Amino acid sequence: MTDSKYFTTTKKGLTSYYMLIDKMNVSLTQDCEDPNPLIRALAVRTMGCIRVDKITEYLCEPLRKCLKDEDPYVRKTAAVCVAKLHDINAQLVEDQGFLDTLKDLISDSNPMVVANAVAALSEIAESHPNSNLLDLNPQTINKLLTALNECTEWGQIFILDCLANYTPRDDRESQSICERVTPRLSHANSAVVLSAVKVLMKFMEMLPKDLDYYGTLLKKLAPPLVTLLSAEPELQYVALRNINLIVQRSCNIKVFIVLAELKEYATEVDVDFVRKAVRAIGRCAIKVEQSAERCVSTLLDLIQTKVNYVVQEAIVVIKDIFRKYPNKYESVIATLCENLDSLDEPEARAAMIWIVGEYAERIDNADELLESFLEGFHDESTQVQLQLLTAIVKLFLKKPTETQELVQQVLSLATQDSDNPDLRDRGYIYWRLLSTDPVAAKEVVLAEKPLISEETDLIEPTLLEELICHIGTLASVYHKPPSAFVEGSRGVQHKRLPGSAGSGESVESPDTGSAAGASDAPPAVIPSQGDLLGDLLNLDLTPPATTGPPPPATSGLQLGAMDLLGGGLDSLVCSSRSLAERTGQVLKHSLVCLLALMSLGLNDGTFLSFLAFFFFKFVLLSFFGLAPAGPLQVLTPLSPNQSIEVALPLSTVGPVMKMDPLNNLQVTPTLHGR
């Protein structure tokens, strides 16, 4: 009985629903015949918004009449309704011939009707990429450009986006379109400005680069984009992301204008602003090789102002320029050395020390300059101490007979008088290299350095072309193609810029300048951190073969140079010792440091036993092939600030573990104690 009531109620509900739809359709159909055009437009708009299949049966005839209505407001509303109906029933729209009617509306006398017809056809074309609904030709383009000046701002956006999909026949047509689109750059709506920029960036590819109009057009692009930076923060961010794409694509950047502006900024009173301006000059030199000489000249002019913070920032920047263009601008070193006494910031002092150490053979008093820094070694920051240690070692390798005492002094300060583990480690590494194999030390410390690279924000050229075609959309903000973030990627087309005039290739990126043509092999740049990690994990720990005679001594630094450092170094390591003896000595010092470290704040042996087990199990057995000949004897727990010496007998019968890959480390720790 209950089921019967339920089905009876459901049947009545469905009947009422269909009756309501029929009444509503009849009412809307009658409203489409109303004398008032606003009523007619509202009726067809309402019918298009009701997404019910049964509505479409009643919508076709009123929609056909409204598309040919005498009032332009009704026609523009009906044009949008066609796109909505296509989303509900695409086959019905095609069968009823609405698509052909929409194409005819592009020639309408009213610009808003034209804009809505373009918007509707563009939306339908997105869901059917191969339909070729917008069959653009010069006649159609001319009609769109005519309507562009008279329709509303959103209508202008629709038309400009449609123009961006058109490929001109030649450079003359491109120039004509650019001339008619350029006034849109002064529009108050930021979306119109970005859409106009997108059209101009695409059609500029067809223009000869030596054409006067090309340079004029480039200059006209800058002011409207700069104006966007005075808007709300959200618009500023969008503008900057789009400017990044435009700057990378345009290869005719007037660097001298930028440098003049930055040089003026560097004379302001805001210290942070001035520092950023000086850094920007350095980035211009590194990114655009053609501007490097002018940038260095600008930096020297700033150094001559003798403003302390300007001088220090300029020295930091010039150090990076030296690393980018070695053996090219070293003539300015004398000017830099004149300002050495005014440096009081760690980064600037470290940069100056690096310059002195790197070009010590060109500086007559390099040892005196570095020795002046060494007087207050313990008062320097870690950054300066590390750089000073490396610079003096470089100086010793270049002038061994003159700087023996200096290098021994800095190694002693770094290893015996310093509490910084990084500084001690680097000091011990240099100490061992200089004592055991000076030739290897020279190859390592004075090795040719890879060029630095400022390409962190550069976009791959193919992706850049596609993003230029999507300026003003989310793709230009994300710097990703639409297919990367549009769900389903339905209707997403991969767009490309047309080839430049006189060439079938696209324009090069700004950073692929004449340097690429100087030599076939590209210059080495510093690899990313992931690449360095990969290189370290692929190291082979197998001992090298000892067959064959030792390498011959090189002029300027003989193998006997290990004795130049005196007995202090010889007491630490000696080339005549066996591998086991040298390793045992190093492990003895390491064990003392380890036990002292573990004794801080420990009152029992639990943590000590664990770390000691890990240290001997992994370091001794795995890497050096050594095995304990007896247990480690730590009789009593260590108190804070207490240190003891422990002797451990070693044997050389342990296996050398080589894991593949080396980052698969397996340790089974055991804990002992309370």
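This is a guided tour of a predicted model, moving from the whole chain to selected helices, charged pairs, loops and surface residues.

**The whole chain**

Begin with the whole protein chain in a cartoon view, where 31 helices and two strands can be traced. Of its 674 residues, 41% are buried, and the chain exposes about 36,600 Å², of which carbon and sulfur atoms supply 54%. If you display contacts between residues at least 6 apart in sequence, 67% of them join residues at least 24 apart.

**Helix H19 and its surroundings**

Select residues 346-358, which make up helix H19; its 13 residues should span 18 Å at 1.5 Å a residue, and the end C-alpha atoms are indeed 18 Å apart. Because 11 of these 13 residues are buried, H19 is largely enclosed by the rest of the structure. Among the buried residues are Trp354, Met352 and Ile353, and the charged residues Arg349 and Glu358 are also on that list. To see what surrounds them, add H17, H18, helix H20 (366-374) and helix H21 (382-398), against which the buried residues of H19 pack.

Next, select helix H22, residues 404-415, whose 12 residues should span 16 Å and whose end C-alpha atoms lie 17 Å apart, in agreement with that expectation. Its buried residues include Leu406, Val407, Val410 and Leu411.

**Charged pairs**

The structure holds 17 salt bridges, and a few of them are worth selecting one by one. Start with Arg362 and Glu330, where the closest N and O atoms are 3.8 Å apart. This pair links distant parts of the chain, since Arg362 sits in the loop between H19 and H20 while Glu330 sits in the loop between H17 and H18, 32 residues apart. Arg362 is partly exposed at 44% relative accessibility, whereas Glu330 is buried, with a relative accessible area of 8%.

Now select Lys398 and Glu361, whose closest N and O atoms are 2.9 Å apart. Lys398 lies in helix H21 and Glu361 in the loop between H19 and H20, so this salt bridge ties together parts that are 37 residues apart in sequence. Both ends are partly exposed, Lys398 with a relative accessible area of 27% and Glu361 at 44% relative accessibility. From there, select Arg275, Arg279, Glu313, Glu345 and Glu347, which are joined into one network by salt bridges that share partners.

A further pair to select is Glu173 with Arg169, at 3.1 Å between the closest N and O atoms; Glu173 is buried, with a relative accessible area of 10%, while Arg169 counts as exposed at 64%.

**Two loop residues with positive phi**

Most residues other than glycine have a negative phi. Lys306, in the loop between helix H16 (292-303) and helix H17 (308-324), has a positive phi of about 65° although it is not a glycine. Move on to Asn327, in the loop between H17 and helix H18 (333-338), where phi is about 60° and the residue counts as exposed at 56% relative accessibility.

**Cysteines and a surface patch**

The count of disulfides is zero. Select Cys49 and Cys81 to see that the sulfur of Cys81, the nearest cysteine sulfur to that of Cys49, is 7.6 Å away. Cys49 is partly exposed, with a relative accessible area of 46%, whereas Cys178 is buried at 0%.

Finish with Leu474, Tyr478, Phe485 and Val486, a nonpolar patch on the surface with about 340 Å² of accessible area together. Within this patch, Phe485 is found in the loop between helix H26 (474-478) and helix H27 (515-518).

Key:
Residues numbered from 1 in each chain as written. Predicted model: local features only at pLDDT ≥ 70, side-chain atom pairs only at ≥ 80, totals over all residues. Heavy atoms only, no water. Patch = residues over 30% accessible without salt bridge, like charges linked within 9 Å, V, L, I, M, F, W, Y side chains within 5 Å. Areas by Shrake-Rupley, 256 points an atom, 1.4 Å probe, with all protein chains shown as cover. Salt bridge = Lys/Arg side-chain N within 4 Å of Asp/Glu carboxyl O. Helix = DSSP H or I, 4+ residues; strand = E, 2+ residues; numbered from the N terminus. Buried < 20%, exposed > 50% of the residue type's maximum accessible area, 1.4 Å probe, protein only. Expected span 1.5 Å × (residues − 1). Contact = heavy atoms within 4.5 Å. Disulfide = S-S within 2.5 Å.
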